[in-house]
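Visitor: Please take a close look at a single helix in this model and at its surroundings.

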Amino acid sequence: MNEREYKTCQICGARWCPDLELHACDTSKTKIRLAVDLAESEAPYWMIERARQGYYDDYESHLATPLHQLVEDAQGNGLPLIAKNAKEGVYDGTQEEARVWMEREGKGLLGI
Ligand SMILES: [Zn+2]
């Protein structure tokens with residue numbers, strides 16, 4: 001019996017097995033890219049958690065202005081570079097994410 005131990009990545013939430021692979025977070029998703037940047041900036045864990053859950057994400061957040069919230073949280077927690085990046089659009093949703101969102105919710109909203 002060869003048991004494998006899986007771990008849950010604290011940044012992106014992916015399950016991975018250290019015996020089988022080296023884990024790298026999937027930074028093609030904007031929210032994960034942000035979570036990685038927050039982790040590298042030693043942001044408080046709750047901010048990384050929020051990022052991973054899409055709280056700051058253009059297309060996943062329930063907030064009206066998620067990136068504005070990100071700027072505020074970053075400034076309030078000593079992360080000026082994250083705040084600057086957010087203002088400059090570094091964490092804006094991608095075209096692909098816009099397309100997925102449109103498939104999921106946009107059609108109903110726009111009546112097409
Ligand atoms: Zn990860």
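Guide: What follows starts with the whole chain and then turns to the helix. This is a predicted model, in which local features need pLDDT of at least 70, side-chain atom pairs count only at pLDDT 80 or more, and totals for chains, interfaces and linings use all residues. Residues are numbered from 1 along each chain as its sequence is written.

The protein has five helices and two strands, where helices (H or I, at least four residues) and strands (E, at least two) are DSSP runs numbered from the N terminus. Their order along the sequence is β-β-α-α-α-α-α. The C-alpha trace spans about 55 × 40 × 20 Å along its principal axes. Of the 112 residues, 26% are buried; a residue is buried if 20 or more other C-beta atoms lie within 10 Å of its own, exposed if 12 or fewer, and partly exposed in between, with C-beta atoms placed from the backbone.

The helix to examine is α3, residues 66-76. Its buried residues are Pro66, Leu67, Leu70, Val71, Asp73 and Ala74. These buried residues pack against α2 (45-52) and α4 (80-87). After α3 comes Gly78, with a positive phi near 70 degrees.

For the chain as a whole, 38% of the contacts with a separation of 6 or more are between residues 24 or more positions apart; two residues are in contact if their C-beta atoms, placed from the backbone, lie within 7 Å.

Elsewhere, Ala24 sits in the loop between β2 (15-16) and α1 (30-40). Ala24 counts as exposed because it has 11 C-beta neighbours inside 10 Å.
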